[in-house]
Structure formats: structure tokens, C-alpha cells
Amino acid sequence: MNILENIRIAIFSIKTNITRSLLTMLGIIIGVASVIAIVTVGNGGRDYIVGMIESMGSNMVSITVSTDKASANDYITDDDIKAIKQLDSIDVVSPMAFNMSSCSTEAENGIAMVMGGTTDLRYIMNMSIMYGRFYSEDDVKAARYVACIDNVSAYTMFGFENCVGEKINLSYNGKTVAFKIIGVIDSTSMTQMDTESMAQMMQSTSMMGTMISFITPSTAFNEFYGQNGRYPMIYLTARDDNFLDSAGASAANVLEARHSNSGQEMYTVTNMATFIELIDTVINVFTAFIAAVGAISLVVGGIGVMNIMLVSVTERTREIGIRKALGAKTSTIMFQFLTESVILCCIGGGIGLVLGVGGALAAAAYVNVPISVKFSTILLAVGFSSAIGIFFGIYPARRAAKMLPIEALRRD
């Protein structure tokens with residue numbers, strides 16, 4: 001008997017007992033659907049998160065001060081930053097100073113997440129200017145109260161994006177200063193939503209009110225917040241991305257030499273590329289673990305397939321006896337039932353694939369994370385289904401094949 005004949009008989013048997021076959025496939029359908037959905041969403045989420053971090057700058061190094069053991073003299077100064085930038089391996093370097101303040105315009109009040117840095121901050125954060133300009137070296141030297149905000153923040157505070165020339169009042173500890181907006185940064189590359197939707201989301205999700213991002217020269221930041229020009233963190237990039245680690249180590253050596261704290265582990269160097277690899281690994285492990293839990297239903301479904309195939313062998317005992325009496329080989333009988341088991345699982349796997357992909361797309365649309373169904377995912381579904389069909393179909397097939405013709409013909 002050829003393969004096509006085996007497939008025809010298997011399909012006829014499944015159609016004859018369609019309700020029983022569907023109930024048997026249910027475990028396979030649920031198992032494949034859950035595994036495919038989890039793997040697809042997990043891969044899409046990983047790509048989305050890693051892509052966001054990479055777009056912010058994966059080719060950079062951060063150096064942070066160990067605040068738990070550092071004194072005021074151990075913090076990073078503007079002179080330190082100038083010395084680090086003179087290193088041949090360093091391309092750009094900027095402090096990262098953060099604080100929060102209440103902010104206001106004539107139309108809106110909110111909370112500003114204020115970031116202070118040098119002109120190099122634009123290149124470290126890959127900022128793209130939509131309107132106006134980024135602050136200059138003269139702005140930094142003169143500690144001018146100028147700032148750049150992203151287009152979402154502009155729309156939130158003013159109702160339109162091009163707000164160059166407008167002013168936002170920052171208030172902190174009873175002090176209020178009007179900062180002039182000189183540039184608007186493009187933030188649309190970081191999201192799939194339009195600007196108005198993003199502004200509405202920020203307003204609805206913030207527990208403290210309207211949130212905006214606010215970027216100003218580090219000197220103006222220090223003057224406004226009463227800082228002493230010392231920073232807990234800097235970011236830098238290397239002229240050659242292959243030597244990020246050595247560039248970070250060189251910068252840390254400069255800091256230790258200038259602050260006379262060598263060997264005290266006062267500065268922590270973090271390669272952002274390593275951070276991305278860590279995130280990638282964690283998400284992969286988590287996805288694999290959840291998928292493995294979902295795959296348990298595949299084993300349950302396989303047991304159901306084995307059970308129904310044993311029932312089928314019992315029901316078709318006389319058929320098996322007649323075929324063996326007419327000269328059918330043991331391998332032919334075994335292959336017939338194994339084919340039926342595999343087809344049963346493959347049909348269930350196909351249905352599970354459709355449901356899994358549909359569920360993944362629905363989940364991705366709900367959380368607004370772009371995903372794509374990879375060819376390897378389809379192979380995973382087909383492979384899992386076939387493997388379950390073969391593994392759990394072998395025993396019933398062998399049992400049918402080993403029947404003696406005379407014993408099979410005696411049964412009703």
C-alpha cells in the first residue's frame with residue numbers, strides 16, 4: 001500500500017468519527033496555539049525592547065559614581081569631562097544630570113523630567129531636531145536658560161509641535177525661571193502612535209499630572225537646581241565601536257587619577273551593548289520557560305491521541321485480521337495507523353497555528369508592539385505536531401501490526 005492510499009484511509013477514518021477526532025485534537029490545538037502565541041509575542045517584544053534601547057544608543061558606555069561610598073570630591077566635574085574628551089579613543093562625552101520640577105505655560109501645567117548635559121548629549125542620545133536647533137557651546141558656557149523638548153511634550157504643553165521661541169516656566173524650591181524653547185526633538189521614531197495619541201496617553205497615565213521631557217545645558221541645570229557642578233553619571237561613545245570597553249576603562253582611569261581614588265572601585269563602567277545582550281538573554285529565557293509550560297498541554301494532547309488510536313485499533317480488529325490474512329505485511333499495518341496518528345496531530349497543529357498566530361497578533365495590537373510571524377515558528381508548529389503524532393502513535397500502531405490474523409478474525 002502506497003503513502004497516498006494510507007493518507008486516504010486515514011482521512012476517511014477521521015471523517016467517519018469527526019466529533020471524536022476533534023475532541024482528540026483539542027489538546028494538540030491548545031498546546032500548539034499557546035506555544036506559537038507565546039513564542040511569537042515573546043520574540044516580537046524582545047525585538048521591540050532591544051530595538052528601542054539600540055535606537056537610544058547601544059554603542060555607548062556609562063560611568064556612574066558609587067554614591068554609597070563616594071564623597072563630594074569623588075563626583076565627576078566639567079574639568080573631568082574635558083580631560084576625558086581629550087583621549088584619542090573617545091568620540092563624545094556628556095554628563096547625565098536628572099531632576100524633576102513643576103512646569104507651566106499660559107495654557108497648561110505639568111511635571112518636567114529635566115535632563116542636563118553638554119552639546120554632545122544630542123549625539124549620545126541620537127536626537128533628531130524637527131524644529132529650531134540644539135543648544136550650542138556658547139549656550140553651555142553662558143549657562144543660558146534655554147531648552148529642547150520633544151514634539152510630544154510640545155503638543156502637550158502648547159497644543160502644537162513647533163513651539164520654538166515659546167517659554168516654559170520651571171519651578172523648584174520656590175524658584176521659578178522661564179526657559180526659552182530653542183528646539184523640538186523628533187520622538188515619533190520611538191513609537192507607532194501619532195503625536196496627539198501620545199499626548200493623551202501621557203496625560204491619562206501620569207499620576208502626577210502632565211509629564212514632559214525637558215533638556216537643557218548642564219550649566220543652566222546646575223545653576224537652576226543649585227548644584228555644584230558635580231555629576232553622578234556620564235555617558236560616552238568611542239571612535240571605534242569595537243573598543244567601547246577599553247574606552248570606558250580609559251575614561252575611568254582618568255577619573256581615578258584626577259580624584260586620587262584608584263583601587264577604591266569608585267566608578268562603575270557599563271557597556272550598553274552588554275546591557276542589551278543581558279536583556280535579550282533574560283527575555284529569551286523567560287519566553288522559553290513560559291512556552292515550555294504551555295507545551296505541557298501538547299503532552300496531554302499526545303496521550304489523548306494515543307488513547308483514541310488504541311480505541312481505533314480495537315474497533316478495527318477484524319479489518320486488521322482480514323488485511324493480514326490477505327497478505328498485508330506487519331510494516332504496512334503499522335505504517336497505516338502511524339500515518340493516521342500523524343495526520344490527526346498535523347491537522348490539530350494547523351488549527352493551533354492559525355489560532356496561535358491570531359492570538360499573538362491580537363495581543364500585539366492591544367499593547368501596540370509590532371510583531372512578525374517567522375518561518376521558524378511555522379516549522380516549530382509542524383515539527384511539534386508531527387513529533388507528537390509519531391511518538392504517541394507508535395505504540396497503537398505496533399499493537400495493531402502484531403495482531404495474529406486468526407485471533408483478529410475470531411473477534412466480533
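These legends describe close-up views of a predicted model.

**View 1. The largest nonpolar core.**
This core has 43 residues. Those with the most contacts inside it are Ile-63, Ile-84, Ile-149, Ile-168, Leu-170, Phe-214 and Leu-236. Helix 9, residues 244-259, supplies the largest share of the core, 5 residues. A second, separate core has 29 residues. Among its members are Ile-36, Val-305, Val-357 and Ala-381. In soluble globular proteins, nonpolar side chains tend to be buried together.

**View 2. The surroundings of Leu-170.**
Leu-170 is one of the residues with the most contacts inside the largest nonpolar core. Neighbours within four places in sequence are set aside here. Leu-170 then contacts Ser-102, Cys-103, Ala-112, Val-114 and Lys-175, among others. Its contacts also include Thr-176, Val-177, Phe-179, Phe-214 and Phe-224.

**View 3. An aromatic pair between two strands.**
Phe-179 and Phe-214 form an edge-to-face pair. Their ring centres lie 5.3 Å apart, with 85° between the planes. The pair links distant parts of the chain. Phe-179 belongs to strand 9, residues 175-185. Phe-214 belongs to strand 10, residues 211-217. The two residues are 35 residues apart. Both Phe-179 and Phe-214 are buried.

**View 4. An aromatic pair within helix 8.**
The ring centres of Phe-221 and Tyr-225 are 4.7 Å apart. Their planes meet at 45°, so this pair is tilted. Both residues lie in helix 8, residues 218-225. They are 4 residues apart, about one turn of the helix. Phe-221 has 3% relative accessibility, so it counts as buried. Tyr-225 is also buried, with a relative accessible area of 7%.

**View 5. The aromatic cluster.**
The structure holds 9 aromatic pairs. Ring pairs join Tyr-145, Tyr-172, Phe-179, Phe-214, Phe-221, Phe-224 and Tyr-225 into a cluster. Phe-179 and Phe-214 from View 3 are among its members. Phe-221 and Tyr-225 from View 4 are included too.

**View 6. The setting of His-259.**
His-259 sits in helix 9. Its relative accessible area is 15%, so His-259 is buried. The side chain of His-259 makes a polar contact with the side chain of Asp-80, at 2.5 Å. A polar atom of the His-259 side chain also lies 2.5 Å from the backbone oxygen of Asn-73. Not counting residues up to four places away in sequence, His-259 touches Asn-73, Asp-74, Tyr-75, Asp-80, Arg-230 and Tyr-267.

Terms used
Residues are numbered from 1 along each chain as its sequence is written. This is a predicted model: local features need pLDDT of at least 70, side-chain atom pairs count only at pLDDT 80 or more; totals for chains, interfaces and linings use all residues. Side-chain values use heavy atoms; hydrogens and water are left out. A nonpolar core is a set of buried Ala, Val, Leu, Ile, Met, Phe, Trp, Tyr and Cys residues joined through side-chain atoms within 4.5 Å. Buried means under 20% relative accessible area, exposed over 50%, partly exposed in between (1.4 Å probe, protein chains only). Contact means heavy atoms within 4.5 Å. A polar contact is a pair of N or O atoms within 3.5 Å; within protein, one must be able to donate a hydrogen and the other to accept it, and residues adjacent in sequence count only if both atoms are side-chain atoms. Rings of Phe, Tyr and Trp (its six-membered ring) pair if their centres lie within 6.5 Å; planes under 30 degrees apart count as stacked, over 60 as edge-to-face and the rest as tilted.
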